[in-house]
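Student: Could you take me through one part of this structure slowly? I would like a close look at the sheets and at how the two chains share them.

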2 protein chains.
Amino acid sequence: MTDKILPLLGRRSVRAYLPDAAVSEAELRALLEAAMAAPSAMARDPWRFLVLRERADLAALADLLPHGQMLRQAALGIVVCGDPAQAHRQEISYLLQDCSAAVENLLIAAHLLGLGAVWLGVHPNEDRVTGIRRQFGVPETILPVAAIAVGRPAEAPEPRTRFNPDFVHAGRW
Amino acid sequence: MTDKILPLLGRRSVRAYLPDAAVSEAELRALLEAAMAAPSAMARDPWRFLVLRERADLAALADLLPHGQMLRQAALGIVVCGDPAQAHRQEISYLLQDCSAAVENLLIAAHLLGLGAVWLGVHPNEDRVTGIRRQFGVPETILPVAAIAVGRPAEAPEPRTRFNPDFVHAGRW
């Protein structure tokens with residue numbers, strides 16, 4: 001059974017990338033298609049994507065994210081944002097759930113394409129939300145949720161799960 | 001490029017299941033392994049899983065979820081919950097992001113296994129959160145986030161993305 005879910009077990013956080021190795025337009029398009037193939041509450045698709053490819057922009061994003069220094073070597077940075085006005089019932093909870101499903105799809109797509117990627121936390125850190133808005137002209141009405149660094153992998157972590165039977169309750173808690 | 005991301009484009013919401021078609025223990029285990037292979041903020045893995053297989057339990061969950069009537073025909077219902085005390089910085093935002101990544105992994109795993117599944121909203125609907133806690137003995141300290149119905153598919157929606165170029169901003173918003 002494990003072989004069938006290998007695309008999921010094989011998606012690992014990849015934080016080291018080959019220098020000067022680009023990601024093609026076709027690959028970027030596939031990443032975004034995968035992200036926008038995620039389900040969203042009432043199919044409201046409140047997700048929005050800020051794509052950064054310039055070295056200076058990637059460095060500016062790294063300056064805002066304490067765990068995002070690998071962005072300086074990445075081919076691509078993608079900030080996944082949500083538009084609260086478009087989310088189901090304008091609920092931030094649904095916006096976060098929808099955007100997170102899109103992020104996870106994008107990370108799995110990167111793995112399927114032979115790329116490496118890592119999820120970098122933004123929301124609910126107010127400094128990061130505000131800093132990203134200011135740096136990249138994101139309107140106050142838009143909520144930056146998470147950032148993703150993408151590159152050609154310079155490391156290949158083994159597939160794994162962190163399955164823990166204590167986390168599973170059957171029938172009743 | 002599209003062929004490589006087909007596992008993601010092919011994951012669709014499946015709401016009709018073959019009657020009396022069970023999901024094996026090995027399949028359930030693979031679904032949970034996939035869910036727990038998701039990334040989580042600071043690897044805190046705050047996700048918890050309530051697995052329902054009894055017809056009466058599936059009907060009781062359907063009673064609580066207005067869009068969850070397919071649970072009455074499903075082989076399996078899984079309520080994905082979060083433990084706020086275990087989430088990074090005890091932030092509900094991180095808990096929601098982590099649990100949503102686990103839900104999306106579980107849905108993709110169902111598709112890879114030839115099963116059908118659908119994401120049913122719970123949080124932030126207070127009636128659903130409270131009703132699930134009461135019905136299944138979930139402690140007040142645990143937050144039900146989403147439910148998933150799983151069964152052998154009686155429908156096969158086509159792969160697709162909802163890619164929208166207007167949702168993509170390059171370099172600056």
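Tutor: Happy to; here is a walk from the contact between the chains, through the sheets, to a few unusual backbone spots.

Please keep in mind that this is a predicted model. Let's start with the two copies. Chain A superposes on chain B by a rotation of 180° with 0.0 Å of shift along its axis, at an RMSD of 0.0 Å. That is the relation of a two-fold axis. Both copies use the same surface, since 100% of the contact residues of chain A recur in chain B.

Now to the contact itself: 61 residues of chain A meet 61 residues of chain B. On the chain A side, at least two residues each come from helix H1 (6–9), helix H2 (25–35), strand E1 (47–52), helix H4 (92–112), strand E3 (116–121) and strand E5 (168–170). H4(A) gives the largest share, with 10 residues. By character, the side of chain A that touches chain B has 36 nonpolar, 13 polar and 12 charged residues.

With the interface in mind, look at the sheets. One is an open sheet of five strands in the order E3(A)-E4(A)-E2(A)-E1(A)-E5(B), and its pairing is mixed. Its edge strands are E3 of chain A and strand E5 (168–170) of chain B, each of which pairs on one side only. From one strand to the next, the twist averages 20°.

Next, follow the pairs inside this sheet. Strand E2 (residues 76–82) and strand E4 (residues 143–151) of chain A run antiparallel and are paired over seven bridges. Within this pair, A:Gly77 stands opposite A:Ala149, and A:Leu76 has A:Val150 as its bridge partner. E4(A) is also joined to E3(A), again in the antiparallel sense, by six bridges. There, A:Trp119 has A:Ile148 as its bridge partner in E4(A). Nine of the nine residues of E4(A) are buried, so this strand is largely enclosed by the rest of the structure.

H4(A), which we met at the interface, packs on this sheet as well, touching E1, E2, E3 and E4 of chain A. The direction of H4(A) makes about 5° with that of E4(A).

The other sheet is again open and five-stranded, in the order E5(A)-E1(B)-E2(B)-E4(B)-E3(B), with mixed pairing. Here the edge strands are E5 of chain A and strand E3 (116–121) of chain B, each pairing on one side only. Neighbouring strands are turned by 20° against each other on average, direction ignored.

Where do the two chains join in this sheet? E5(A) pairs with strand E1 (residues 47–52) of chain B in the parallel sense, over three bridges. Across that join, A:Val168 stands opposite B:Phe49, and A:His169 stands opposite B:Leu50.

Two helices of chain B help to complete the picture. Helix H5 (residues 126–136) of chain B lies across E1, E2 and E4 of chain B, running at about 75° to E4(B). Eight of the 11 residues of helix H2 (residues 25–35) of chain B are buried, so H2(B) is largely enclosed by the rest of the structure. Among the buried ones are B:Leu28, B:Leu31 and B:Leu32, and also B:Glu27 and B:Glu33. The cover over the buried residues of H2(B) includes H1 and E5 of chain A, along with E1, E2 and helix H4 (92–112) of chain B.

Nonpolar side chains tend to be buried together in soluble globular proteins. In this model, the largest nonpolar core has 132 residues, of which A:Val80, A:Ile148, B:Val80 and B:Ile148 touch the most other members. Leaving aside residues up to four places away in sequence, B:Ile148 touches nine residues, including B:Ile78, B:Val80, B:Leu107 and B:Trp119.

Finally, the backbone. Most residues other than glycine have a negative phi, and most peptide bonds are trans. The bond from A:His123 to A:Pro124, however, is cis, with omega near 10°; A:Pro124 is in the loop between E3 and H5 of chain A. The bond from B:His123 to B:Pro124 is cis too, with omega near 10°.

The loop between H2 and E1 of chain B holds B:Met42 and B:Asp45. B:Met42 has a positive phi of about 55°, and phi of B:Asp45 is near 45°. Is each of them buried or exposed? B:Met42 is exposed, with 12 other C-beta atoms within 10 Å, whereas B:Asp45 is buried, with 20.

Definitions and conventions
Residues numbered from 1 in each chain as written. Chains lettered and ligands numbered in written order. Predicted model: local features only at pLDDT ≥ 70, side-chain atom pairs only at ≥ 80, totals over all residues. Contact = placed C-beta atoms within 7 Å. Helix = DSSP H or I, 4+ residues; strand = E, 2+ residues; numbered from the N terminus. Nonpolar A, V, L, I, M, F, W, Y, C, P; charged D, E, K, R; others polar. Pairing = 2+ DSSP bridges. Core = buried A, V, L, I, M, F, W, Y, C linked by C-beta atoms within 7 Å. Least-squares fit on C-alpha atoms with pLDDT ≥ 70 in both. Axes fitted to C-alpha atoms, helices over the stretch in contact; angles between N-to-C directions.
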